[in-house]
Each structure stands twice: as C-alpha cells, then as structure tokens.
Amino acid sequence: MLEVAELRAGYGAVPVLAGISLQVAAGEFTGILGHNGMGKSTLLKTLIGILPATSGRILLEGHDITRAPSHERARRGLGYVPQGREIFAGLSVRDNLRFAVAARGRPAPLALEQVLEEFPRLEPLLERPGGALSGGEQQLLALARCLVQGPRLLLLDEPTEGIQPSIIKLIARVIGQLAARGDMAILVVEQYLDFAREIADRVAVMERGEVVLAGAKDELDDAKVQRYLTV
C-alpha cells in the first residue's frame, strides 16, 4: 500500500527527516512513536504533500506520488487527520462533512449515514457549529470528515492528544474496525506506547528524523522502546 524510501524533508535550510524508509501493507496498522521534535508530524506532512520531499520516494499502491500535489494524493486515496483537528469552526458538523464530500470531486464511497453509524455521538450535534464541540467531539468530527472520503491510506497525527478517555476508547474501536476490514492501511503518530500497542500491528520509533526501532509490536522490547520515549 505505502512504500517510503530514503525520504528526506525539512523546513527551509533546516533538515528534519534524515532518510526515512518504511512500508505499510493494506490491512496493517502502524504506530509511529517518539518525543516531540523527532520528525513524526513532519513525516506525515511530507507524505500528504504539505511539505515537499527534498529527496527519496513515496509510493502509494505502486504509484509514485513524491512530487504530486496534496489534492492529487487525496484523490488517490490518502486521508489525513492533522494534529489539532483543523475542522471548520464556523460550519456546522453536517456542513463539515458535506464539505469533505464536495472536496472529493466525485461521489463519496461512504455515505454520511454510514459515517454517523460509526460515530453516533455526532448525530445529535449535526447542526451545532464545529467550534462549539468539545475537543474530543472535534477529534471525532475530524476523523469522520476524513473517512467519508473513503481513504485507502489513513494518516492520523496524535489523535489522543488532549482527549478524554471515553473518546480515546471510541477512536481505538473505530480504527481497529477499519484495520480489521483489510482494505485500508493506517499510519498513526503517537507519543503513548500503550495506545499504539493496544491496536497497532507494527510499531516504529523515531529519533532525530530517523527510524531507530521497528517491528511487530509483540517482537519489540518495551524497555528499549521506553528508553526513546522517556524524558
């Protein structure tokens, strides 16, 4: 599904990614762990095309998208839920979802009704402005807005940050169900090992723009992983 080879990127003259290589198969959930400032969010921004790659290659289902604009990557099936949610605060929940359908440029494969079945907590909030939702409800909306477009590869940037435990459990359940279908790849940036271990198939740990540990979650030594996550 996703193949990244020797990917490098940064901000102006400041390099951040130092040659990242990884693969994520269809039906596979990969958790990317690491401290703040280690390049995790930069990796996702480069994959979606917000930041240009300075070198390396990104393949999505065999197609080279390294130089493709963000909208083309999205229409090829790459979905992105950014850190901080970035919903449209002035639009209603319903219109946030409608906007996602319109932005896709063709009929969405997942109807709004189906998305709301996954997120029943949003249904009574459909006419409420996005900015009036709690942080957890905004995270659910951001995820629903992405899923209505039917992504083949889902990128999530710290979905549990600042979220109450009940919403975290709901997000974990929905992501687990999506991965179990076997037709979607999921890449999640996280700081918390427990969340990643609960639902991820594979875990990769980043430090200073590089992957320093990677493997199936049951094969990795938790003590080694924790050394990179402990301040």
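## Starting in a loop

Where does Ala132 lie, between α4 and α5? Ala132 sits in the loop that links α4 (112–118) with α5 (135–147). Keep in mind that what you're looking at is a predicted model.

Is Ala132 buried or exposed, or partly exposed? With a relative accessible area of 47%, Ala132 counts as partly exposed, because the cut-off for exposed is over 50% and the one for buried is under 20%. Now pick out Asp157: Ala132 and Asp157 are 25 residues apart along the sequence, and their C-alpha atoms are 22 Å apart in space.

## The open sheet

Next, look for the open sheet made of six strands, which follow the order β6-β7-β8-β3-β9-β10 with mixed pairing. At its edges you'll find β6 and β10 (210–216), and each has a single partner strand, so one side of each goes without a neighbour in the sheet. On average, neighbouring strands here are turned by 15° against each other, ignoring direction.

Zoom in on β7 (residues 153–157) and β8 (residues 185–190): this pair runs parallel and is joined by five bridges. To find one spot on that pairing, start at Leu153, whose bridge partner in β8 is Ala185.

## Helices against the sheet

Helix α6 (residues 165–181) packs on this sheet, where α6 touches β3 (29–33), β7 and β8. The direction of α6 makes about 145° with that of β8.

Then there's helix α8 (residues 222–229), which lies across β3, β9 (202–207) and β10. Compared with β10, α8 runs at about 150°.

## The hairpin

Head back to the early residues for another pairing. Strands β1 (residues 2–11) and β2 (residues 14–24) pair in the antiparallel sense, with eight bridges between them. Among the paired residues is Leu7, with Ile20 as its bridge partner in β2.

The hairpin of β1 and β2 has two residues between its strands, and Gly12 takes a positive phi near 65° there.

## The largest pocket

How much volume does the largest pocket have? Its volume is about 710 Å³. The lining takes in 31 residues, and those closest to the pocket's centre are Ile48, Ala74, Tyr80, Arg145 and Gln149.

Which elements give two or more residues to that lining? They are α1 (40–48), α2 (70–75), β6 (78–81), α3 (93–104) and α5. So the tour comes back to α5, the helix that follows the loop of Ala132. Sorted by class, the pocket lining has 14 nonpolar residues, eight polar ones and nine charged ones.

Terms used:
Residues numbered from 1 in each chain as written. Predicted model: local features only at pLDDT ≥ 70, side-chain atom pairs only at ≥ 80, totals over all residues. Heavy atoms only, no water. Helix = DSSP H or I, 4+ residues; strand = E, 2+ residues; numbered from the N terminus. Buried < 20%, exposed > 50% of the residue type's maximum accessible area, 1.4 Å probe, protein only. 1 Å grid on protein atoms, 1.4 Å probe; cavity = no way out; pocket = protein on both sides within 12 Å on 5 of 7 lines; lining within 4 Å. Points joined across faces, edges and corners; volume = space filled by probe spheres on them. Nonpolar A, V, L, I, M, F, W, Y, C, P; charged D, E, K, R; others polar. Pairing = 2+ DSSP bridges. Axes fitted to C-alpha atoms, helices over the stretch in contact; angles between N-to-C directions. Contact = heavy atoms within 4.5 Å.
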